[in-house]
Amino acid sequence: MGKQGRKRLVSHALFLAALFQCRFLAFAILDPLDFLALQLIRKSMNDLPGSSFFGSWDFTSDPCNFTGVYCESDKVIALNLGDPRAGFPGLTGRLDTAIGKLSALTEFSLVPGRVFGSLPMSISRLENLRVLAITRNFISGDIPASLGRLRRLKTLDLSYNRLTGKIPCSIGTLPELTNVLLCHNNLSGSVPPFLSQALTRLDLKRNALTGSLPNSFSPSLQFLSLSWNQLTGPVDSVLSRLDQLSFLDLSFNRFTGPIPDRVFSFPLTNLHLQRNSFYGPVQPGDQVKISTVDLSHNMLSGRISPMFSTVQNLYLNHNRFTGQVPDSLVDRLLSASLQTLYLQHNFLTGIGINPTAEIPQTTSLCIQYNCMVPPVQTPCPLKFETQKTRPTSLCNEWKG
């Protein structure tokens, strides 16, 4: 071997030694258990076509520099799997039980994708976990009751999966919960009591929940969505305490009883109580400042309150309201301040609109199938009755 060859060999050896030293130092940064856990998690999951999330996961380098991995000292404190940008494909595979070995983890999230299997029971070992967000995947099976050990958990988001079984009562006892999103699953059973005094968001819509509501929701709730379930019973005592609500959706259930007048004074932007069996009169104590109010498809009766004239979108159709439509609603409609007014399929006897009045194009009015001849013809929603007026016999029967 010539002199130049020996020089090249020595240089190469020095390079390899330096590289080995760098790799050794890199490995030494991270706790061995965390390093092994990340390796097992990587082996159990892959990028979907079009995703390159795992491209940076080269275990010959420092795992704390991997995309989605955040470290503090020698421990992983946050793991966000998948590219969170909208429209990017997610990951596929299964969640490995090794997730439970990341003992310092405070946040774990998984972007929408095609991850299958059940939630690993080992997640319950993560005593420092504050955020658990695994949404829009194909996670199935029961929610582990052992998640109730995560006493520091603030956000639980398992929405848009295929979870079954009951919502464990142990989750309701978590003292620091602020956000619970379990919507769009196949959960059954009753809604458990949620005892956290910090809870602001509870979203359980699109499940198969049954029974009545617990009377233990915290007054701190600002967002409550229970729509598209099979829940029953009255809600007046439950709702009367929740005066911080800005969004309420109880639609498409089987709730009964009166709607508490007090709910109309809450700082709501949207109120959805349609498709239930609420009954009785509705008489708000003051002008309603809620943008959208939907009370349709119930058994509400009595006269329509003029306090609804300040609503932008009002749906009172398919009820048992009687009498004259308040002039204040008509005035707001003609000035385009009231954008939607659906009153069809009631027992109303009059509305003060001149037949020559021009309905603003930006508004929508439907008053068909009442106990009167509509003074103006306006387009109504599709799949509505072809009859413009309710038969006189039904109107007389209702009066009787």
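# A tour by selection

Start with R206, which sits in the loop between β13 (201-203) and β14 (208-211). The model on screen is a predicted one. R206 is not a glycine, yet its phi is positive, about 60°. Colour by accessibility and R206 comes out as partly exposed, with a relative accessible area of 38%.

**Stop 2: the open sheet**

Now select the ten strands of the open sheet. Their order is β8-β10-β12-β14-β16-β18-β20-β22-β24-β26, and the pairing is parallel. The edges are β8 (140-141) and β26 (347-350); each has a single partner strand, so one side of each is left without a neighbour in the sheet. β14, the strand at one end of the R206 loop, belongs to this sheet.

Zoom in on the β8 edge. β8 and β10 (residues 162-166) run parallel and are joined by two bridges. Pick S140 and look across: R162 in β10 stands opposite.

**Stop 3: the loop after β22**

Stay with the sheet and pick β22, another of its strands. Which loop holds S305? It is the loop between β22 (299-303) and β23 (313-315). S305 counts as buried, because its relative accessibility is 3% and the cut-off for buried is under 20%.

Show the side chain of S305. One of its polar atoms lies 3.1 Å from the backbone nitrogen of M307. Next, select what surrounds S305, leaving aside neighbours within four places in sequence. The contacts are V282, Q283, P284, P326 and L329.

**Stop 4: the β2-β3 hairpin**

Move to strand β2 (residues 69-72) and β3. The two run antiparallel, with four bridges between them. As a landmark, take E72, which stands opposite K75 in β3.

Two residues lie between the strands of this hairpin, and S73 takes a positive phi near 60° there. S73 is a residue other than glycine. Is S73 buried or exposed? S73 is exposed, with a relative accessible area of 63%. Its place is the loop between β2 and β3.

Then select strand β3 itself, residues 75-81. Six of its seven residues are buried, so β3 is largely enclosed by the rest of the structure.

**Stop 5: across to β5**

β3 has a parallel pairing as well. Four bridges link β3 to strand β5 (residues 107-110). Select A78 to find the register: its bridge partner in β5 is E107.

Within β5, pick S109. S109 counts as buried, at 18% relative accessibility. Which residue shares a side-chain polar contact with S109? The partner is N80, and the contact is 2.8 Å.

Widen the selection around S109, not counting residues up to four places away in sequence. S109 touches L79, N80, L81 and A133. L79, N80 and L81 fall in the range of β3, residues 75-81.

For a distance check, label the C-alpha atoms of S109 and R151. They are 42 residues apart along the chain and separated by 18 Å.

**Stop 6: the end of helix α2**

Select helix α2 (residues 32-44), and in it S44. Display the side chain of S44 with the backbone of I41. A polar atom of that side chain lies 2.9 Å from the backbone oxygen of I41.

Which residues does S44 contact beyond its neighbours within four places in sequence? They are T92, G93, R94 and D96.

**Stop 7: the cavity**

Finish with empty space. Rolling a probe the size of a water molecule over the atoms shows where such space is left. How many cavities of 30 Å³ or more are there? The count comes to one. About 30 Å³ of space lies in the largest cavity.

To see its walls, select I367, Q368, P374, V376, Q377, T378 and C380, which line the largest cavity. By class, this lining has four nonpolar and three polar residues, with no charged ones.

Note on methods. Residues are numbered from 1 along each chain as its sequence is written. This is a predicted model: local features need pLDDT of at least 70, side-chain atom pairs count only at pLDDT 80 or more; totals for chains, interfaces and linings use all residues. Side-chain values use heavy atoms; hydrogens and water are left out. On a 1 Å grid over the protein atoms alone, a cavity is a set of points where a 1.4 Å probe fits but cannot get out, and a pocket is an open set with protein on both sides within 12 Å along at least five of seven lines; lining residues have an atom within 4 Å of a point. Grid points are joined across faces, edges and corners, and a volume is the space filled by probe spheres set on the points. Ala, Val, Leu, Ile, Met, Phe, Trp, Tyr, Cys and Pro count as nonpolar, Asp, Glu, Lys and Arg as charged, and the others, Gly among them, as polar. Buried means under 20% relative accessible area, exposed over 50%, partly exposed in between (1.4 Å probe, protein chains only). A polar contact is a pair of N or O atoms within 3.5 Å; within protein, one must be able to donate a hydrogen and the other to accept it, and residues adjacent in sequence count only if both atoms are side-chain atoms. Contact means heavy atoms within 4.5 Å. Two strands pair if DSSP finds at least two bridges between them.
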